[in-house]
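Student: Can we go through this one together? I'd like to start with the overall layout and then zoom in.

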Amino acid sequence: MSSPDSQSVSAGFWDTYWRGTHENAAHREGGPQEPVLSGFWTDFFRRELALRPEPAVLDLACGNGAVTGHARSVAPGLQVYCSDYSLSALLELERRHPGCTCLVADAARLPLAAASFDLVVSQFGLEYAGEAALGEAAGLLAPGGVLALLIHVHEGGIYRECELNRDVLRELQALEVLPLAQAAFAAGFALNRGECTPETFKQAERAFTPAVRGLEQLLRDRGPAAAGGLPQRLYQDIAHMYRRMSAYEPADILQWLAGMQGELQAYTGRMQSMLDAAWREDRLDAATGKLLARGFRLLQRDQLTVPGHALPAAWRLVLTRA
Ligand SMILES: C[S@@+](CC[C@H](N)C(=O)[O-])C[C@H]1O[C@@H](n2cnc3c(N)ncnc32)[C@H](O)[C@@H]1O
């Protein structure tokens with residue numbers, strides 16, 4: 001299980017992500033699984049909401065509300081409790097799905113009454129919150145309620161995508177583009193102010209050039225969309241500012257470089273947190289066993305697959321509380 005400190009670090013990574021305008025769900029790195037996930041949730045909510053006139057529904061680690069959106073497409077205006085530890089995610093959720101009740105909380109420590117929900121759902125969320133989160137979610141269900149989870153599969157399709165993105169970002173970090181850019185910009189500004197010689201500036205530029213060539217090679221090898229397009233944006237922005245250096249204040253460039261470094265770290269951290277969260281089958285076995293021992297009954301336990309794709313998109317685990 002992760003420590004409170006590592007929890008708050010990864011909360012920061014997710015918050016950085018959700019602070020951007022992410023209309024898509026947070027697992028969209030891989031793309032093709034989307035219709036399969038939507039299909040699962042639409043069928044699930046059609047079936048379960050038809051049985052319950054006024055259901056209490058909780059979407060755990062909800063992000064900006066992908067699952068809540070599916071629930072509301074079946075039952076427009078449905079009041080859903082939405083919980084995530086990223087405030088930015090919930091602010092975006094409130095904008096997309098007005099009228100839901102939002103709660104900023106760690107999924108392993110939810111300040112909610114036991115047995116108070118009919119449906120507890122989570123898509124690629126609960127597994128991030130460690131061992132305690134499953135017991136917590138189970139305890140919130142009322143008798144007859146249903147727990148439905150889609151969970152990252154270790155070495156599944158999304159896992160492979162995240163691994164690739166993380167590796168691209170590691171390659172990028174190894175090129176040291178940002179520190180070398182910072183040194184080159186600093187020398188350029190010093191030259192403009194007459195505070196260094198042209199030779200000193202050229203030295204900084206000579207040190208920076210291999211990093212730029214390395215970045216160009218990385219973009220040729222991996223494509224402009226690699227790692228969410230972040231390396232491509234870095235390249236374009238640096239090229240733009242470098243050519244027009246005299247139009248910028250040094251402090252603005254420094255601020256931009258620091259912001260970019262934060263974005264790269266957050267992206268890498270988010271990819272790593274997805275990899276760490278993914279369940280192997282033995283983890284699924286243990287989780288299923290725990291719930292059965294608490295009197296739950298298994299409704300569905302399998303892999304969700306995307307037609308034409310060899311790797312699974314998710315573990316699907318659905319149980320009802322006796
Ligand atoms: C892959 S995203 C999935 C979001 C959403 N369920 C969806 O399908 O788009 C994972 C979400 O889990 C949240 N999260 C990660 N660890 C958490 C924790 N310990 N407690 C609550 N939320 C957490 C993140 O902020 C993020 O919104």
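Tutor: What follows is a short walk through the sheet, the domains, the cores and a few single residues. This is a predicted model, where local features need pLDDT of at least 70, side-chain atom pairs count only at pLDDT 80 or more, and totals for chains, interfaces and linings use all residues. Residues are numbered from 1 along each chain as its sequence is written, and side-chain values use heavy atoms, with hydrogens and water left out.

Student: What order do the strands of the sheet come in?

Tutor: The order is β3-β2-β1-β4-β5-β7-β6. That makes seven strands in an open sheet with mixed pairing. Helices (H or I, at least four residues) and strands (E, at least two) are DSSP runs, numbered from the N terminus. Two strands pair if DSSP finds at least two bridges between them.

Student: Which strands stand at the edges?

Tutor: β3 (101–104) and β6 (296–304). Each has a single partner strand, so one side of each is left without a neighbour in the sheet. On average, neighbouring strands here are turned by 15° against each other, direction ignored. Axes are lines fitted to C-alpha atoms, for helices over the stretch in contact, and angles run from 0 to 180 degrees between N-to-C directions.

Student: How do β1 and β2 pair, parallel or antiparallel?

Tutor: Parallel, over four bridges. β1 covers residues 57–60 and β2 covers residues 80–84. Val-57 stands opposite Val-80 in β2.

Student: Which strands does helix α3 lie across?

Tutor: α3 (residues 66–74) lies across β1, β2 and β4 (117–123). The helix runs at about 130° to β4. Helix α5 (residues 131–140) packs on the sheet too, touching β1, β4, β5 (141–151), β6 and β7 (314–321). The direction of α5 makes about 145° with that of β5.

Student: New topic. What domains does the chain have?

Tutor: Domain 1 is 4–154 + 278–321, and domain 2 is 158–273. Such bounds come from an automatic or database domain assignment. The domain centres, taken over C-alpha atoms, are 36 Å apart. Their contact (heavy atoms within 4.5 Å) takes 17 residues from domain 1 and twelve residues from domain 2.

Student: Where does the largest nonpolar core lie?

Tutor: Both domains give residues to this core, so it lies between them. A nonpolar core is a set of buried Ala, Val, Leu, Ile, Met, Phe, Trp, Tyr and Cys residues joined through side-chain atoms within 4.5 Å. Buried means under 20% relative accessible area, exposed over 50%, partly exposed in between (1.4 Å probe, protein chains only). The core has 73 residues, and Trp-41, Phe-44, Phe-45, Phe-185 and Phe-208 touch the most other members. Its largest share, nine residues, comes from helix α10 (residues 250–277).

Student: What does Phe-185 contact, leaving aside neighbours within four places in sequence?

Tutor: Ile-238, Met-241, Tyr-242, Met-245, Ile-253 and Leu-257. A second, separate core has 28 residues, including Leu-110 and Leu-317.

Student: How many disulfides are there?

Tutor: Zero. A disulfide is a pair of cysteine sulfur atoms within 2.5 Å. For Cys-62, the nearest cysteine sulfur is that of Cys-82, 4.8 Å away. Cys-62 is buried, at 7% relative accessibility. For Cys-102, the nearest is also that of Cys-82, at 5.2 Å. Cys-102 is partly exposed, at 25%.

Student: Last one. Is Glu-48 buried or exposed?

Tutor: Buried, with 6% relative accessibility. Glu-48 lies in helix α2 (residues 34–50). Beyond its neighbours within four places in sequence, Glu-48 is in contact with Leu-119 and Val-146. Glu-48 and Leu-119 are 71 residues apart in sequence, yet 8.2 Å apart in space, C-alpha to C-alpha.
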